[in-house]
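This report walks through selected strands, ring pairs and surface features. Please keep the sequence and the 3D view at hand.

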Amino acid sequence: MTVLAGARERRVRTGGVELCVAELGDPEQPTVVLVHGYPDSKEVWSEVAVRLAGHFHVVLYDVRGHGRSTAPRPLRGGFTLEKLTDDFLAVADAVSPDRPVHLVGHDWGSVQAWEFVTVPRTRGRIASFTSMSGPSLDHFGHWLKQRVRRPTPRRVGQFLGQGAKSWYVYLLHTPVLPELAWRGPLGRRWPRILERVEKVPSGAYPTPSLPTDAAHGAWLYRDNVRPRLRMPRPDAYAHAPVQLITPLGDAFLSERLYDDLERWAPHLTRRTLPDRHWIPRTRPDQLTAWIGEFVRATEGGRPVIEATGRWADRFGGQLVLVTGAGSGIGRATALAFARAGARVIAVDRDAEAAARTAGACRRSGARESWAETVDVSDEHAMEKLAQRVAAAYGVVDVLVNNAGIGLAGPFLDTTPDDWRKVLDVNLWGVIHGCRLFGRQMAERGQGGHIVNTASAAAYQPSRALPAYSTSKAAVLMLSECLRAELAGRGIGVTAICPGFVHTNITSTAHFAGVDEVEAKRRRERSARLYGLRNYPPEKVADAILRAVARNEAMVPVTPEARAAHLLARFLPGALRRIARVEIRL
Ligand code: NAD
C-alpha cells in the first residue's frame with residue numbers, strides 16, 4: 001500500500017538491489033529528491049511531497065532494505081555510505097539525467113545526503129541540499145574529537161549532552177536484539193509512541209513495512225557509525241548550497257552539533273523550528289515553504305535569506321499578523337518581524353497608518369507585507385479578516401493581538417460607555433483574534449504562536465486606571481488559560497506586559513470624569529512624562545520576538561514592569577499601598 005496518491009512508480013536497479021522510486025509533479029520543473037530516515041520508508045514524506053508536487057518534479061525512493069526496495073545480501077556491509085551514494089546517483093540519473101537535483105534529507109536520509117553532497121563523484125549532480133535532523137558523520141566525528149582533545153567545561157557539557165541523546169545508537173549496535181524488538185512489541189507499539197511522544201498525527205503513516213525497515217535499517221548504524229566517527233574524512237566540504245532546518249525540541253540531536261557547520265558548508269542557510277524530530281509529519285507546510293523557497297532561490301542564483309534580523313533563522317518566511325500595527329509597539333513589532341524575513345500583515349483601524357507600516361516592512365526585509373483596515377472590536381469585521389487572510393495568505397504562524405486604547409480616571413467617574421469602549425478594544429479585540437486565528441492554527445495542526453499585549457497594569461493595581469487595568473488583567477488571564485489549552489497542539493501563547501513606553505497611546509487616551517479641556521491638558525502632560533521616560537517601543541518588539549522564539553508565558557518589559565512583577569509576587573502589600581497614591585497630572 002502507498003500513501004502517495006497519484007505517484008508514478010518505477011524500479012531502479014543498482015549494486016544488486018532494486019529501488020522503488022516514486023515521482024510526482026511535472027518532470028519539466030526542477031527535481032527535488034526526498035530521502036527518508038530511520039525507521040521509515042519514503043512515505044514519511046507523503047505530506048511534504050504532495051505539497052511540493054504543485055511546483056516541482058518530486059522524487060522519493062525507498063532506501064535499500066526499506067519499504068518496497070529490496071535488501072542487499074548479506075545485510076552486513078550492504079549499507080555503507082559508499083553503496084548508498086551509488087543508489088542516489090542511480091536514482092538521480094534515472095529521473096533527471098540532464099539536470100542536477102535538489103536533495104532533501106531527514107534523519108538518516110540527511111546523514112547519507114551529507115555524504116552525497118560532500119564526495120567529489122556527485123559534483124555537478126546536486127543543485128542544493130536541505131538537511132533536517134541528520135548530521136554528517138564526518139562532521140560529527142570532528143565535533144567529538146575537538147571536544148575530547150580540547151575539553152572546556154562547555155564542550156564537556158555539550159559532549160555529555162549529545163552522548164545522552166544518542167542512547168539508541170548504542171542499542172542499535174547490539175546484535176539481534178534490535179531486530180527482535182522491532183519485529184515484536186516495539187514494531188507494534190511504534191505508531192502509538194510516535195503519536196504520543198512525537199505528536200505525529202495518526203493515519204496511513206507509518207506503513208506496515210515498519211518492522212522490516214527498522215530491522216534492516218539497524219545496519220545503517222552498524223556499517224557506518226563507528227568507522228566514520230573514528231576516522232572522519234578531513235575534506236567533507238559541501239559542494240552545493242545547504243539549508244539546515246533544526247527542530248529545537250529534537251530528542252535525538254543537540255542543536256550544538258551544528259555550531260561549526262559554516263566551516264564545512266560555506267553557503268549555509270539556517271532555519272529553526274520549535275518542534276520535535278519528525279517534522280516531515282508535523283510541519284509539512286513550513287517545510288514545503290522553506291524547501292520551495294530554497295530551491296527557487298538556488299535555481300535563480302539568489303541568496304535565500306536576505307533578512308539580517310537576529311531571529312531570521314526562526315521567523316524567515318513565516319506569516320505574522322500584528323494588530324494595532326499603525327503606531328507604537330505594534331508598528332515596531334511588525335518591523336522587527338519584517339527584519340527577520342517574515343511575511344507581515346499589518347492590521348489597524350487607521351488605514352493610512354497600516355499602509356505606512358506595510359510599506360516600511362517591505363523596505364526592511366519582509367519579502368511580502370500587506371495592510372488590512374479593521375476595527376478589532378468589530379466581531380464581523382474580524383471574522384471577515386480571518387477568512388480573507390486564510391484565503392489570500394494562508395494560516396498565520398504568529399498572531400500579535402496588540403491593538404489597545406488607554407482610559408484613565410477613577411472608577412466612580414467611569415461611565416458604562418467608557419467601560420464598554422475599553423473592554424471592546426482591549427479585551428474583545430484580543431478574544432476575537434485568539435478565537436478566529438487560534439482556531440485556524442489549531443485546525444491546521446502544525447503549531448503556531450499567539451502574543452497578547454497586556455500591560456504591567458495587569459498585575460499592578462492603581463486607583464488611576466481601574467478600567468484599563470481590568471481589561472489588561474483579563475488579557476493576562478485569558479493568555480494563561482489559552483496557553484494551557486493549546487500547549488498540546490504545539491501552539492504557544494505569550495502575554496507581554498510593558499510598563500511606560502514612549503508611543504502615541506497617551507495622546508489618544510481617554511480621561512474619565514473631566515471635561516475635554518482638562519482631558520487635553522492631561523493627555524499632553526502624560527505624553528510629556530512618557531517622553532521623558534523615553535522607553536522605545538522597539539525594545540518591546542525585541543522582547544516579543546524573543547518571547548515567541550523561547551515560548552515564554554509572560555514577559556514584563558521595562559524595569560518598572562519587572563520591579564512591579566517582583567513586588568506582586570513577594571510583597572503584594574507594598575504594591576497595594578503604591579496603588580493608593582494619587583497621581584496628579
Ligand atoms: P499606540 O496608540 O501608539 O498604538 C496603538 C495602535 O492601535 C494605533 O495605531 C491605533 O490606531 C490602533 N488601534 C486602536 N484601537 C484599535 C482598534 N479598535 N482596532 C484596530 N486598531 C486599533 O499605542 P501603543 O502604546 O503602541 O499600544 C499598543 C498596545 O500596548 C496596547 O494594547 C496598549 O494597551 C499596550 N501597552 C502600552 C503601553 C505604553 O506605555 N505605551 C504600556 C503597556 C501596554
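## Strand β9 and its partners

Two strands count as paired if DSSP finds at least two bridges between them. The model discussed here is predicted. Strand β9, residues 319-323, is joined to strand β10, residues 343-348, by 5 bridges. The two strands run parallel. One bridge can be named: Thr323 has Val347 of β10 as its partner. From β9 the chain passes through α14 on its way to β10. This β-α-β crossover is right-handed.

β9 also pairs with β12, again in the parallel sense, over 3 bridges. Here Val320 has Val398 of β12 as its bridge partner. How many of the residues of β9 are buried? The count is 5 of the 5, so the strand is largely enclosed by the rest of the structure. Leu319, Leu321 and Thr323 point one way. Val320 and Val322 point the other way. Residues on both sides are buried.

## Strand β14 between β12 and β15

Strand β12 covers residues 398-401 and pairs with β14 in the parallel sense. The pairing has 4 bridges. In it, Asn401 is matched with Asn452 of β14. β14 is also joined to strand β15, residues 491-498, by 6 bridges. These strands run parallel too. Ile450 has Val493 of β15 as its bridge partner. Between β14 and β15 the chain goes through helix α18, residues 466-486, in a right-handed β-α-β crossover.

β14 spans residues 448-453, and 6 of its 6 residues are buried. Which residues lie on each face of β14? Gly448, Ile450 and Asn452 take one side. His449, Val451 and Thr453 take the other. Both faces are covered.

## A helix residue and β15

Cys434 sits in helix α17, which runs over residues 416-444. Is Cys434 buried or exposed? Its relative accessibility is 9%. The cut-off for buried is under 20%, so Cys434 counts as buried. Cys434 and Val493 are 59 residues apart along the chain. Their C-alpha atoms are separated by 9.6 Å. Val493 is the β15 residue that bridges to Ile450.

## Aromatic pairs

A ring pair is described by the distance of the centres and the angle of the planes. The model has 14 aromatic pairs. One of them joins Trp108 and Tyr221 in an edge-to-face arrangement. The centres are 5.4 Å apart, and the planes are at 70 degrees. Trp108 belongs to helix α3, residues 108-118, and Tyr221 to helix α9, residues 210-230. The pair therefore ties together parts that are 113 residues apart in sequence. Trp108 is buried at a relative accessible area of 3%. Tyr221 is buried at 4%.

Phe315 and Phe337 also form an edge-to-face pair. Their centres are 5.0 Å apart, with 80 degrees between the planes. Phe315 lies in helix α13, residues 312-315, and Phe337 in helix α14, residues 328-339. The two residues are 22 residues apart, and the pair links distant parts of the chain. Both Phe315 and Phe337 are buried. Helix α14 is also the crossover helix between β9 and β10.

Which residues do ring pairs link into a cluster? The members are Tyr38, Trp108, Trp182, Trp190, Tyr221, Phe252 and Trp278. Trp108 and Tyr221 from the pair above are among them.

## Nonpolar surface and a C-alpha distance

Val148, Val156, Phe159 and Leu160 make a nonpolar surface patch of about 340 Å². Helix α5, residues 153-165, gives the largest share, with 3 residues. Leu160 has its place in this helix. At 55% relative accessibility, Leu160 counts as exposed, because the cut-off for exposed is over 50%.

Ile578 is found in helix α23, residues 572-580. Its relative accessibility is 44%, so Ile578 counts as partly exposed. How many residues separate Ile578 and Phe411 in sequence? The separation is 167 residues. In space, the two are 17 Å apart, C-alpha to C-alpha.

Notes
Residues are numbered from 1 along each chain as its sequence is written. This is a predicted model: local features need pLDDT of at least 70, side-chain atom pairs count only at pLDDT 80 or more; totals for chains, interfaces and linings use all residues. Side-chain values use heavy atoms; hydrogens and water are left out. Buried means under 20% relative accessible area, exposed over 50%, partly exposed in between (1.4 Å probe, protein chains only). A crossover is right-handed if, with the strands pointing away from the viewer, the path from the first strand over the helix to the second runs clockwise. Patches are made of residues with over 30% relative accessible area and no salt bridge: like charges are joined within 9 Å, nonpolar side chains (Val, Leu, Ile, Met, Phe, Trp, Tyr) within 5 Å. Accessible areas come from the Shrake-Rupley method with a 1.4 Å probe; for residues, only the protein chains shown count as cover. A salt bridge is a side-chain nitrogen of Lys or Arg within 4 Å of a carboxyl oxygen of Asp or Glu. Rings of Phe, Tyr and Trp (its six-membered ring) pair if their centres lie within 6.5 Å; planes under 30 degrees apart count as stacked, over 60 as edge-to-face and the rest as tilted.
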